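Reader: I should be grateful for a close look at a single helix of this chain. Please set out how it is built, what it contributes to the interior and which side-chain pairs it holds, and place it within the chain as a whole.

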Amino acid sequence: HSTMEAVVSTQSTGEFSLAELNRNGHIHLFVEGRVNDTRELIRTKWGVGRLVMDCKRPPIVIPWVHRGMERVLPLYHTLPRMGNRVTVEIGKPIDTEPLLSECRYLGLSSIATRKYLTDCIEWELRKLTVTVDQKHYNL
């Protein structure tokens with residue numbers, strides 16, 4: 001299995017990422033497709049599902065969420081600020097083989113498969129977001 005961390009903005013980036021995964025490489029994605037300066041989880045881009053769907057071997061996705069980096073390295077700053085609290089929550093690895101098998105069994109189209117895979121990964125990220133927010137902000 002390849003490893004893909006859940007956090008692709010251009011077609012060439014997507015192709016590079018797919019090639020890396022197909023070499024059993026490791027990639028790190030910001031699944032929202034852009035810098036997010038809020039605590040809200042923005043809708044995960046379908047390119048995430050496309051990468052899973054188009055890999056030669058179904059990748060393992062390691063979802064993770066962090067809080068506090070906005071204080072360590074605020075937008076438009078170049079030097080990190082030390083002494084700030086950062087909280088990272090790492091979820092259970094997602095084996096995408098059963099998800100892909102389910103899509104094939106149901107006869108889903110490529111668009112429906114891509115959306116389903118993306119939604120599954122986003123759901124895990126949303127659960128982690130609740131946990132990391134509780135820990136980081138003492139909710």
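Author: Along the sequence, the elements of the chain are arranged in the pattern β-α-β-α-β-α-β-β-α-α, which comprises 5 helices and 5 strands. Helices (H or I, at least four residues) and strands (E, at least two) are DSSP runs, numbered from the N terminus. The model is a predicted one, in which local features need pLDDT of at least 70 and side-chain atom pairs count only at pLDDT 80 or more, while totals for chains, interfaces and linings use all residues. Residues are numbered from 1 along each chain as its sequence is written, and side-chain values use heavy atoms, with hydrogens and water left out.

The part chosen here is helix H5, which covers residues 110–137. At 1.5 Å a residue, the 28 residues of H5 should span 40 Å, and the C-alpha atoms at its ends are indeed 40 Å apart; the expected span is 1.5 Å times one less than the number of residues in the helix. After H5 comes Asn138, which has a positive phi, near 50°.

The burial of H5 may be described next. A residue is called buried under 20% relative accessible area, exposed over 50%, and partly exposed in between (1.4 Å probe, protein chains only). The buried residues of H5 include Thr113, Leu117, Cys120, Ile121, Leu125, Leu128, Val132 and His136. In the chain of 139 residues, 39% are buried.

H5 also takes part in the largest nonpolar core, a set of 20 residues in which Leu51, Val52 and Ile121 have the most contacts. Such a core consists of buried Ala, Val, Leu, Ile, Met, Phe, Trp, Tyr and Cys residues joined through side-chain atoms within 4.5 Å. Two or more residues of this core come from each of helix H1 (11–22), strand S2 (26–29), helix H2 (47–54), strand S3 (60–67), helix H4 (96–106) and H5. The greatest contribution is that of H5, with 6 residues.

H5 further carries salt bridges, each being a side-chain nitrogen of Lys or Arg within 4 Å of a carboxyl oxygen of Asp or Glu. In one of them, the side chain of Asp119 meets that of Lys115 at 2.7 Å, N to O. Asp119 and Lys115 are separated by about one helical turn, because they lie 4 residues apart in H5. Asp119 is partly exposed, at 26% relative accessibility, and Lys115 is likewise partly exposed, at 33%. In another, Glu122 and Arg126 are paired at 3.0 Å, N to O. Glu122 and Arg126 are also 4 residues apart in H5, so about one helical turn separates them. Here Glu122 is buried, with 8% relative accessibility, whereas Arg126 is partly exposed, at 33%. Shared partners link Arg43, Lys115, Asp119, Glu122 and Arg126 through salt bridges into one network.

To set these pairs in context, the salt bridges of the model number 11. One of the others joins Glu20 and Arg23, at 2.7 Å, N to O; Arg23 is exposed, with a relative accessible area of 54%.

As for the surface of the chain, about 8400 Å² is exposed, of which carbon and sulfur atoms supply 58%. Accessible areas come from the Shrake-Rupley method with a 1.4 Å probe, and for residues only the protein chains shown count as cover.
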